[in-house]
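The following exercises concern confidence, core packing and aromatic contacts. Each task is followed by a worked solution.

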Amino acid sequence: MSVVSENKANKVAPRAAENPGENGTELSELGIQNSNPKYKIDNVLQHFGTIGRFQVVLIILMSTIAALAAWRILFDLFAAKNNFDWTCTELGLKHNCTFVEGKMPCEVEQNKAIEDELDEVGNGLYWEFNNTGFSIKSDIPLPCKEHAKFTFTSSIFFIGAFFGVAGFGRLSDMIGRRKTLLISLGLSVAQAWIIPFFKNIYVYLACRCLDGAAFGGYFLISFVLEVEYAPPKYRNTIGTSLHFITSIGMASIALWGYLFQDWRMYSIALAVPSSIMLPISFFFAPESPRYCLSKGDDKQALSLLAKVAQVNKQEMPVNCELYEDVDTTASLVDVLKNPRLLRCGIINMFGWFMTSLVYYMLWFSAKNLAGSIYINALILGLAELPGRVFAFIVMEKLGRKATFMASLALASACVMVSAYDNKTSRKVMYGFGKALSGSLWAVIYLYSSEMYPTKIRSLGSGIGSASARVAALLAPFISDALTLSPVIPYIAVGVVGFLCTAAFILVPETGGKALPQTLGEFDNLFEKKETKDPRV
């Protein structure tokens with residue numbers, strides 16, 4: 001049911017903004033009077049014609065947050081790295097302690113036997129590390145039988161992210177994008193300053209779980225905000241830019257790890273940028289006008305768009321009154337009741353799952369590739385950039401659907417070919433696979449944000465992103481399975497990837513179409529011919 005705003009801007013002026021970043025500017029200050037013609041948000045954004053200073057500032061802000069997110073994802077890559085610089089103590093030698101080049105103490109069977117026999121922690125007693133601050137694995141003494149807790153540090157991040165994307169996605173639909181962004185960023189900053197000052201594995205694991213939950217909020221919201229302020233014809237450009245920065249962030253973590261090889265200094269170095277971004281986001285991060293309309297606050301939505309016009313030095317449409325078909329009853333229940341929406345939601349979750357599985361499987365299993373861990377991390381991060389470029393170009397030509405299907409099919413093929421036991425070909429397939437997985441991430445975020453009605457857009461993307469965290473949680477185990485069978489995991493992942501590719505035949509194309517506000521407009525996505533809004 002269409003709901004036309006009943007509050008006329010010429011009858012009720014919007015309240016003065018307590019925070020310009022939150023509420024925009026009073027319409028009277030911008031010369032907006034006598035609102036008679038009705039415009040949808042996409043119509044107004046199209047009226048502006050191009051990306052202005054407002055969108056540029058927003059892109060810089062959200063892209064910086066995306067880089068911070070990349071660092072938090074791969075934090076354990078260097079905080080929990082292996083430390084091979086150790087020696088047996090005199091007491092350890094008496095009990096048959098054995099040093100093996102290129103192995104941690106607990107990877108040597110004789111050393112594990114010493115602990116089992118004497119029931120004492122070997123670290124610091126039977127062997128000692130020459131540089132304990134190099135890694136939490138050497139700085140936090142644990143018995144060998146509990147060393148699995150170190151390998152759980154990455155998985156628990158994604159457990160937190162699993163709940164974070166769903167919880168913060170729902171929260172953003174309830175209290176707004178801006179407040180949710182600030183809450184999740186604040187949570188990330190808090191745990192980042194706790195980690196380096198507590199030499200306790202349980203504190204570390206708890207902080208990593210909170211870090212993942214926070215990541216599930218601010219990264220998803222940063223993308224949603226970018227897309228919701230983007231003029232339709234530039235939505236692809238703005239959406240893809242966030243993923244370019246994410247790839248650069250992934251690659252740059254190698255520089256942080258190399259410069260700060262003490263894990264505590266490394267932790268502090270990564271906490272500082274997040275702490276700086278929190279107050280910056282408070283003053284400059286805007287609320288979404290689409291969210292305001294979904295809550296029936298058309299005055300604030302119009303005020304936010306007027307602020308965009310003011311910053312960009314552009315003109316609002318003459319005598320503008322904002323209008324949207326806002327479905328105020330849309331919820332998760334509507335997803336279950338609408339067969340098309342339910343089908344798209346399930347397939348969308350499958351797409352998120354496979355995107356994440358291919359991506360993180362290649363990340364975590366790359367530790368088995370020859371060479372420096374710093375160089376490998378740098379190369380794998382940079383390898384994503386060609387994939388982002390591919391997605392950016394092809395999405396404009398072929399659309400979101402075809403680009404995703406082509407990228408996933410090729411990535412699945414690369415994973416399957418990696419089963420061939422040849423060091424050179426495997427490295428090449430990893431490179432191509434990482435590039436294609438970069439393309440997949442760029443498409444799936446944009447595709448999801450364009451597919452769902454406004455009322456459940458963040459929730460729908462959040463649930464899809466949660467399924468990606470399940471895949472990320474499984475990826476380390478698949479990586480370990482490669483040491484037992486170097487063929488079956490590659491083939492299995494590749495086959496499931498092809499099945500997911502085929503499933504996307506059943507979802508609609510969203511490229512070049514207005515963001516759906518209601519369930520009715522969502523159904524219109526399935527129409528072969530796009531019906532243009534007469535107000536465009």
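**Exercise 1. Confidence**

Determine how reliable the chain is overall, and which elements mark the extremes of mean pLDDT.

Solution. The model is predicted. Begin with the whole protein chain: its pLDDT averages 82, and 88% of the residues score at least 70. Next, rank the elements: the lowest mean, 42, belongs to helix 1 (residues 20-23), and the highest, 95, to helix 9. Then examine the stretches with pLDDT below 50. One covers residues 1-35, with 74 contacts in the model beyond near neighbours in sequence. Another covers residues 530-536, with 11 such contacts. Where pLDDT is low, predicted coordinates should not be read in detail.

**Exercise 2. Position of G186**

Is G186 buried or partly exposed?

Solution. First locate the residue: G186 belongs to helix 9, which spans residues 177-194. Its relative accessibility is 24%. Buried requires under 20% and exposed over 50%, so G186 counts as partly exposed. Finally, consider a distant partner in sequence: A214 is 28 residues away along the chain, yet the C-alpha to C-alpha distance between G186 and A214 is 8.2 Å.

**Exercise 3. The nonpolar core**

Identify the residues of the largest nonpolar core that touch the most other members.

Solution. This core has 125 residues, and the members in question are M62, L181, Y218, Y360 and F504. Take Y218 as an example: leaving aside residues up to four places away in sequence, Y218 touches I65, L68, A69, R72, L181, S184, L185 and S188. A separate core of 10 residues includes C88, I114, Y126 and W127.

**Exercise 4. Aromatic pairs**

Classify the pairs F157 with F215 and W256 with F260.

Solution. The whole structure holds 26 aromatic pairs. For F157 and F215, the centres are 5.6 Å apart and the planes meet at 40°, which makes the pair tilted. Because F157 lies in helix 8 (residues 148-175) and F215 in helix 10 (residues 201-228), the pair ties together parts 58 residues apart in sequence. Both F157 and F215 are buried. For W256 and F260, the centres are 6.0 Å apart and the planes are at 20°, so this pair is stacked. F260 has 28% relative accessibility and therefore counts as partly exposed. One aromatic cluster has F157, F215, Y218 and Y360 among its members.

**Exercise 5. Charges over rings**

Which ring lies beneath K81, and which beneath the charged end of R178?

Solution. K81 is placed over the face of F134, 4.1 Å from the ring centre. The charged end of R178 sits over the ring of F282, at 5.3 Å from its centre.

Note on methods
Residues are numbered from 1 along each chain as its sequence is written. This is a predicted model: local features need pLDDT of at least 70, side-chain atom pairs count only at pLDDT 80 or more; totals for chains, interfaces and linings use all residues. Side-chain values use heavy atoms; hydrogens and water are left out. A nonpolar core is a set of buried Ala, Val, Leu, Ile, Met, Phe, Trp, Tyr and Cys residues joined through side-chain atoms within 4.5 Å. Buried means under 20% relative accessible area, exposed over 50%, partly exposed in between (1.4 Å probe, protein chains only). Contact means heavy atoms within 4.5 Å. Helices (H or I, at least four residues) and strands (E, at least two) are DSSP runs, numbered from the N terminus. Rings of Phe, Tyr and Trp (its six-membered ring) pair if their centres lie within 6.5 Å; planes under 30 degrees apart count as stacked, over 60 as edge-to-face and the rest as tilted. A charge sits over a ring if NZ of Lys or CZ of Arg is within 6 Å of the ring centre and within 35 degrees of the ring normal. pLDDT is the predictor's confidence in each residue, from 0 to 100.
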